[in-house]
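Colleague: I should like to learn how to read a model of this kind, feature by feature. May we go through it together?

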There are 2 protein chains.
Amino acid sequence: MLTSSVENYLKAIYYLQHESGWANTSAIADHMTVANPSVTMMLKRMAAMQPPLISYTPYEGARLTPAGEKQALEVIRVHRLMETFLVRVLGYTWDEVHADADRLEHASSPLLIERISALLGDPVRDPHGEDIPDRNGLLPNRSELPLTNLIAGQSGRITRVAADRPEILRYLGEIGLNLDVTVEVLEKAPFEGPLTVHSSESGSDHALGREITNRIFIDAAH
Amino acid sequence: MLTSSVENYLKAIYYLQHESGWANTSAIADHMTVANPSVTMMLKRMAAMQPPLISYTPYEGARLTPAGEKQALEVIRVHRLMETFLVRVLGYTWDEVHADADRLEHASSPLLIERISALLGDPVRDPHGEDIPDRNGLLPNRSELPLTNLIAGQSGRITRVAADRPEILRYLGEIGLNLDVTVEVLEKAPFEGPLTVHSSESGSDHALGREITNRIFIDAAH
DNA sequence: AACCTTAATTAGGATATGCTAATATTATAC
DNA sequence: GTATAATATTAGCATATCCTAATTAAGGTT
Ligand SMILES: [Mn+2]
Ligand SMILES: [Mn+2]
Ligand SMILES: [Mn+2]
Ligand SMILES: [Mn+2]
């Protein structure tokens, strides 16, 4: 069985790889709040495991092997199931779930995972709209685009919020930008300026910087 | 925060201390399936912590300090809440809960604990009839006696089953010896022989060795 | 009192994971 | 194309936890 630490590295590498195709040392170190040499060491170990979880090229970075990707998706599945459980069964808000899910994801047996999934009706999205890999690690394809890409006058349904900082999630919730809410872009300031959006849920308008609108995703099937 | 390992030692020491007043090195080693020198090392560390979790006398053993007992009761509280959750919410049987609870007990935040407890209605007993310490680590007093102590003709309600091996729990469940079931002692063989008992639940009779009847507890308020 | 048995500790190592400081490599900038 | 900045690796160390083998202490026996 993999240690918690290895599982956390797998997740970090998975995310980085899906952003930019590669996971380099400093990006992993950043993501995990760990020093660079710790990452180098761990990458070597993970590449030396039987079977290897990553392929590692010094000075370039790491990529998941099929075995590594399978394990990563399993951890991500458990993480997202746990988040969903915490919100739906224990009444957490979407900004409260991350730290607890990050520990629970390493403490689950196959039985626990199955039972949690069944209890929730085999959910396909977590509280942030992230896809939950199925038992076999499969993810659905979906079409969405960042809120930033809408032009003034366009509207759409929020399908996912990729903001990692809890404060941002709490703020968005407070102003009525939750999953499945329809938003309309009223104004889009030039020079990478803020977007003014209207929430159908709260009925109020808010100006949001692109740091945030880049992380709010809208159903592309307009 | 304490490591999982330290939390497991705390539990082991708590149980041994409540059986015999002391927790000596080999007993702890046995209980934890760990070698003796590992225990000696850990006891030294736990006694050196700030505040100390145990008092440790070389060649004699360990005892929990008040701080250590508080922490131990907290871990036990979480363990038993998790067991209760696994049975009541996820449909585990009482013989399936232990290993999972043993991992989950180390992965819980104060919020998680409160929410789980609230979801279950602040339960006071776990699926084996063990008392769940309350938020402040307080345990109720209760009066019970081992099934072994009943004489032929006497009957009583099962309040607790302290069998640790899952196979025993599964067996007892199968023959209808569950919590709150009323049992009658039909026969008690001499020379530490078996007890023949009748279960009101299954309506059937069974001969049980004293290894087992010593671990089944009966409400003493006959 | 010397002896033996059992239990516990000490010695010496191993593994997993992290850190800082020093060094090497790669990429960028003139 | 060399100098510089940025990244990454190596070296050297630390902590937590476990192990086996060797030694020591405690307690009971003759
Ligand atoms: Mn994690
Ligand atoms: Mn999520
Ligand atoms: Mn445990
Ligand atoms: Mn129990």
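Modeller: Certainly. Please keep in mind that this is a predicted model. Let us begin with burial: Asp126(A) is buried, and His128(A) is buried as well.

Colleague: Which protein donors does the manganese ion (ligand 2) have?

Modeller: The manganese ion (ligand 2) has as its protein donors Glu83(A) through OE, Asp126(A) through OD and His128(A) through ND1. These donors lie 2.1 to 2.3 Å from the ion. Along the chain, their spacing reads E-x42-D-x1-H.

Colleague: How does one describe the relation between two copies of a chain?

Modeller: In general, a rotation about an axis and a shift along that axis relate two copies of a chain. Here, a turn of 180° with a shift of 0.0 Å along the axis lays chain B on chain A, with an RMSD of 0.1 Å. This is the relation of a two-fold axis. Of the interface residues of chain B, 100% are also interface residues in chain A, so the copies meet through the same surface.

Colleague: Let us turn to the DNA. Which residues come nearest to DNA strand C?

Modeller: There are 20 residues around DNA strand C, and those that come nearest are Thr3(A), Ser26(B), Thr40(B), Lys44(B) and Tyr56(B). The residues of this surface divide into 10 nonpolar, 8 polar and 2 charged. At least two residues each are supplied by α1 (4-20) and α3 (36-48) of chain A, and by α2 (25-32) and α3 (36-48) of chain B.

Colleague: Which parts of DNA strand C lie within 4 Å of the protein?

Modeller: Of the strand atoms within 4 Å of the protein, 80% belong to sugar or phosphate, and the rest belong to bases. Individual side chains illustrate the point. A polar side-chain atom of Thr3(A) lies 2.4 Å from a phosphate oxygen of DNA strand C, and one of Thr25(B) lies 3.0 Å from a phosphate oxygen of the strand. For Tyr59(A), the partner is a sugar or linking oxygen, at 3.4 Å.

Colleague: As a last example, is Asp131(B) buried or exposed?

Modeller: Asp131(B) counts as buried because its relative accessibility is 10%, and the cut-off for that term is under 20%. Asp131(B) sits in the loop between α6 (110-119) and β3 (144-146) of chain B. Its side chain makes polar contacts with the side chains of Arg125(B), at 2.8 Å, and Arg142(B), at 3.2 Å. Beyond its neighbours within four places in sequence, Asp131(B) is in contact with residues including Arg80(B), Val124(B), Leu139(B) and Pro140(B).

Terms used:
Residues are numbered from 1 along each chain as its sequence is written. Chains are lettered from A and ligands numbered from 1 in the order in which they are written. This is a predicted model: local features need pLDDT of at least 70, side-chain atom pairs count only at pLDDT 80 or more; totals for chains, interfaces and linings use all residues. Side-chain values use heavy atoms; hydrogens and water are left out. Donors are N, O and S atoms within 2.8 Å of the metal (3.2 Å for Na, K and Ca); water is not among the atoms, so sites may look incomplete. Buried means under 20% relative accessible area, exposed over 50%, partly exposed in between (1.4 Å probe, protein chains only). A residue is near a molecule or strand if one of its heavy atoms lies within 4 Å of it. A polar contact is a pair of N or O atoms within 3.5 Å; within protein, one must be able to donate a hydrogen and the other to accept it, and residues adjacent in sequence count only if both atoms are side-chain atoms. Helices (H or I, at least four residues) and strands (E, at least two) are DSSP runs, numbered from the N terminus. Ala, Val, Leu, Ile, Met, Phe, Trp, Tyr, Cys and Pro count as nonpolar, Asp, Glu, Lys and Arg as charged, and the others, Gly among them, as polar. Copies are superposed by least squares on the C-alpha atoms of residues with pLDDT of at least 70 in both. Contact means heavy atoms within 4.5 Å.
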